[in-house]
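Let's walk through this model together, starting with its pocket and then moving out to the surface.

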Amino acid sequence: MLFLVAALMLLGVMLGTVAHAPLSFSLVAAAVIGVWLAVFAARERHGRRRGTSN
């Protein structure tokens with residue numbers, strides 16, 4: 001339950017920050033996060049195909 005409260009508080013802080021940031025900054029930040037998530041997903045998928053060494 002505490003994790004849920006902390007996650008909601010963090011979400012509120014982030015949404016508040018984005019609301020006050022310029023639109024161009026918000027779009028660039030969203031693109032960077034999206035690329036980071038895509039790279040992470042690709043690495044995870046590639047790693048699962050080859051199998052893990054540990």
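What volume does the largest pocket have? The volume is about 220 Å³. A pocket here is an open set of points on a 1 Å grid over the protein atoms alone, where a 1.4 Å probe fits, with protein on both sides within 12 Å along at least five of seven lines. The volume is the space filled by probe spheres set on those points, which are joined across faces, edges and corners.

Please keep in mind that this is a predicted model, where local features need pLDDT of at least 70 and side-chain atom pairs count only at pLDDT 80 or more, while totals for chains, interfaces and linings use all residues. Residues are numbered from 1 along each chain as its sequence is written, and side-chain values use heavy atoms, with hydrogens and water left out.

Now for the walls of the pocket. Its lining (residues with an atom within 4 Å of a point) includes Leu11, Met14, Phe25 and Ile33. Helix H1 (2–20) and helix H2 (23–50) are the elements that each give two or more residues to this lining; helices are DSSP runs of H or I with at least four residues, numbered from the N terminus. By residue class, the lining holds 9 nonpolar residues, 2 polar ones and no charged ones.

Leu11 also takes us to the surface. This residue lies in helix H1 and counts as partly exposed because its relative accessibility is 46%, where partly exposed sits between buried (under 20%) and exposed (over 50%), with a 1.4 Å probe and protein chains only. Together with Met1, Leu2, Leu4, Val5, Leu8, Met9 and Leu15, Leu11 forms a nonpolar surface patch with about 910 Å² of accessible area.

Phe3 is another residue of helix H1, and at 71% relative accessibility it counts as exposed. From Phe3 to Val32 the C-alpha distance is 26 Å, with their positions 29 residues apart in sequence.

Over in helix H2 we find Glu44, partly exposed at 36% relative accessibility. Glu44 and Met1 are 43 residues apart in sequence, and their C-alpha atoms are 29 Å apart in space.

Conventions
Ala, Val, Leu, Ile, Met, Phe, Trp, Tyr, Cys and Pro count as nonpolar, Asp, Glu, Lys and Arg as charged, and the others, Gly among them, as polar. Patches are made of residues with over 30% relative accessible area and no salt bridge: like charges are joined within 9 Å, nonpolar side chains (Val, Leu, Ile, Met, Phe, Trp, Tyr) within 5 Å. Accessible areas come from the Shrake-Rupley method with a 1.4 Å probe; for residues, only the protein chains shown count as cover. A salt bridge is a side-chain nitrogen of Lys or Arg within 4 Å of a carboxyl oxygen of Asp or Glu.
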